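Okay, everyone, thanks for coming. I'll put the structure up and then talk through a few spots in it.

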Amino acid sequence: MSDNIESVLHEDRKFPPSPEFSAAAHISSEEQYLDMWNRAKDDPAGFWGGLARENIDWFQDFEATMEGEMPETKWFVGGKTNACYNCVDRHVTTWRKNKAAIIWEGEPGDQRVLTYGDLHREVSKFANVLKKLGVETGDRVTLYMPMVPELAIAMLACARIGATHSIIFGGFSADAIADRNNDAEAKLVITADGGWRRGKEVPLKKTVDESMERSPTVEKVVVLKRTGGDVSMIPDRDYWWHDLMEGESADCPATELDSEHPLFILYTSGSTGKPKGVLHTTAGYLLGTTMTSRWVFDLKDEDTYWCTADIGWVTGHSYIVYGPLSNGATTVMYEGGPNWPDEGRFWEIVEKYKVNIFYTAPTAIRAFIKWGDEWPNKYDLSSLRLLGTVGEPINPEAWMWYHKVIGGENCPIVDTWWQTETGGIMMSPLPGVTATKPGSCTTPLPGVVPDIQTETGESLGANQGGLLVMTQPWPHMLRTLYGDHDRFLDVYFSRIPGRYFAGDGARRDEDGYYWIMGRVDDVINVSGHRLSTMEVESALAAHDDVAEAAVVGFPHDLKGEGICCFVTLKKGDGSEEMEKELIAHVRKQIGVVATPDKIKFAAALPKTRSGKIMRRLLRDIAAGRESAGDQTTLEDVSVLDKLRASDE
Ligand code: PRX
């Protein structure tokens, strides 16, 4: 799949914003958008430089807005700033001092509201704690925490002193934590005794303990008491958060950092090998998330904004923490599952806090549809004025349901396309401007210049599927893959020289709207989480009884893509017990996010004569389709027939 990706989606419905919405929006007309977009394209330095001076507080002004060609572009060169200062300190000197910064709801129903003043105090205290534990500017700190305010506090405290945070989603295993600790050479781990998920305690500290056996660079562990569950504390290594905070000073000025100072590393799956440590830096990322939050979510001071993502993923970094807080907004944070204690939980939260802007993932929307309209219908959702989606293409049916049942046909929907690597939203409707089409992320934001190209870098015309690339650098793009700049160049900039290749296929329709067609390589998107089929294969192959494994995605009603594993055992045909064992094995190696949906045992896998597994054919089998296309390179055609027969 490359130059010609066949598109099967045809969608003609269009939903323009209401005149009232447009009139009140930050960007309110097509002319305004086009003017911004053209200015950014023709004079990126002038465009972004102006925004940076207006919207970011600097300790020292920058000398050059940009320097160097993509992919080595440096932004706001010579400037000094601090992301935490911009998200917290600058608000406490204004009327926002006592405004709610974070409204938090725990899964058991407990709640906390932190004003900007509270946040400033807690972050400053914890930044002092970090310093006392020996963390210095430039050190890496791993965060493995539940969705509690202390996670945001810890992130911001790291940013405050210039320590680079690396957040690991709470569903990952001890091995995954150790790999990331080692890759980043993390000095400190911050965790909690546990977190609540669907009424059960997720034993975070226990998992960290296991990871410590293989994490030689980590010197200390800070443990937040959340669930009160049993944990073992090792003297001189493990410290309770509350002990460290007690009596700590709230005076800790933000460190003046270079614009390009590393803000965070976030690991994401690649098509081969180990996870990639996507590195984002301070000023460009901050500006990108600040502006895109305002443009796309039309954030206003009076809004209550809720992004349902987990902070362990980039969406939570950019659109629960940095973007909203930099804008001085009120951001809602919820700890637990959407169906706990029942399937109405999200809507109960919307009603309770009168949420105005709601941002979630298509996989969640598909689950809501399955659970039935009676859940949202029980609650008053009339506070909502804007809805968003992210993480994977949204199917038009789910879009229409979201529009009708949640939005009451009254809220624009912003379908936001972006990636861990892009740092912030790249393509999305502007809610006061764009007439949306269900299933399309519509048009690029100002400063984003995409194209659809062939493998040889030729632009494709309307409705021709091809590779989605970016032709100009933007401030919030990743700077490197931590510790592996060659891999960074290879993965993103070698497929079409001079272009950023996102890894997605897409087409542009006759109106210039973009339609994402999914990943073109061996990365699958499970419930909006990007997973490498390679990593699941390696995990399976690490089991003593497995000879070989091939993993593919298949269409899954709820998850978008499910994980189907074809496994050849060293001995025997496989059994239900073995299936269970392998599922548990993958969960242990990678984490619950990678739980296989199907395991299919096979005496042999379909291979080319050169020995490459033909995943294309396996994808057809997993999806229950006939295989179209060339099979002549298959070494042994009977392998396919056997696989199909065993499937019936
Ligand atoms: O394939 C695209 C899909 O998710 C990938 C990025 O995954 P990740 O880095 O984990 O970041 C997810 C949250 C930003 C993309 O390459 N994707 C994300 N948003 C959309 C999407 N596909 C279609 N439409 C979207 N709105």
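Let's begin with cysteine 411, which is buried, at a relative accessible area of 5%. Keep in mind throughout that this is a predicted model. So, what about disulfides: how many does the structure hold? Zero. Cysteine 411 is in no disulfide, and the nearest cysteine sulfur, which belongs to cysteine 307, sits 17 Å away. For anyone who wants the reminder, a disulfide is a covalent bond between the sulfur atoms of two cysteines. Then there's cysteine 441, whose closest cysteine sulfur is in cysteine 307, and because that is 17 Å off, it's too far for a bond. Is cysteine 441 buried or exposed? Buried, with 2% relative accessibility.

Cysteine 411 also takes us to a pocket. Cys411 is among the residues nearest the centre of the second largest pocket, along with Phe21, Arg385, Asn410 and Pro412. The whole lining of that pocket comes to 24 residues. Which elements give two or more residues to that lining? Those are α1, residues 19–24, and α15, residues 396–406. The largest share is from α1, with three residues. If you're wondering about volume, the second largest pocket has about 380 Å³. On chemistry, its lining residues divide into 12 nonpolar, seven polar and five charged.

Next, a couple of charged residues that are buried. Glutamate 105 is in strand β4, which covers residues 100–105, and glutamate 105 counts as buried, at 2% relative accessibility. What does its side chain pair with? The side chain of arginine 345, through a polar contact of 2.7 Å. Set aside the neighbours within four places in sequence, and glutamate 105 is in contact with Arg345 and with Asp110, Gln111, Met333, Tyr334, Glu335, Ile349, Lys352 and Tyr353. Here's a long-range one too: glutamate 105 and tryptophan 306 are 201 residues apart along the chain, and their C-alpha atoms are separated by 11 Å.

The other charged one is lysine 276, in strand β15, residues 276–281. Lysine 276 counts as buried, with 5% relative accessibility. Its side chain makes a polar contact with the side chain of tyrosine 492, at 3.2 Å.

Now over to threonine 191, which you'll find in strand β8, residues 188–192. How buried is threonine 191? Its relative accessible area is 0%. The side chain has a partner, though: it reaches the backbone oxygen of tyrosine 144, at 2.8 Å. Leaving out neighbours within four places in sequence, the contacts of threonine 191 include Tyr144, Met145, Leu204, Lys205 and Val208. There's also a run of contacts to Val221, Val222, Val223 and Leu224.

Last stop, helix α11, which spans residues 314–326. How many of its 13 residues are buried? That would be 13, so to speak a clean sweep. After α11 comes glycine 328, and its phi is positive, near 75°.

To pull a few of these together before we chat: glutamate 105 has arginine 345 as a side-chain partner, lysine 276 has tyrosine 492, and threonine 191 goes to the backbone oxygen of tyrosine 144. That's my tour, so let's open it up for discussion.

Conventions: Residues are numbered from 1 along each chain as its sequence is written. This is a predicted model: local features need pLDDT of at least 70, side-chain atom pairs count only at pLDDT 80 or more; totals for chains, interfaces and linings use all residues. Side-chain values use heavy atoms; hydrogens and water are left out. On a 1 Å grid over the protein atoms alone, a cavity is a set of points where a 1.4 Å probe fits but cannot get out, and a pocket is an open set with protein on both sides within 12 Å along at least five of seven lines; lining residues have an atom within 4 Å of a point. Grid points are joined across faces, edges and corners, and a volume is the space filled by probe spheres set on the points. Helices (H or I, at least four residues) and strands (E, at least two) are DSSP runs, numbered from the N terminus. Ala, Val, Leu, Ile, Met, Phe, Trp, Tyr, Cys and Pro count as nonpolar, Asp, Glu, Lys and Arg as charged, and the others, Gly among them, as polar. Buried means under 20% relative accessible area, exposed over 50%, partly exposed in between (1.4 Å probe, protein chains only). A polar contact is a pair of N or O atoms within 3.5 Å; within protein, one must be able to donate a hydrogen and the other to accept it, and residues adjacent in sequence count only if both atoms are side-chain atoms. Contact means heavy atoms within 4.5 Å. A disulfide is a pair of cysteine sulfur atoms within 2.5 Å.
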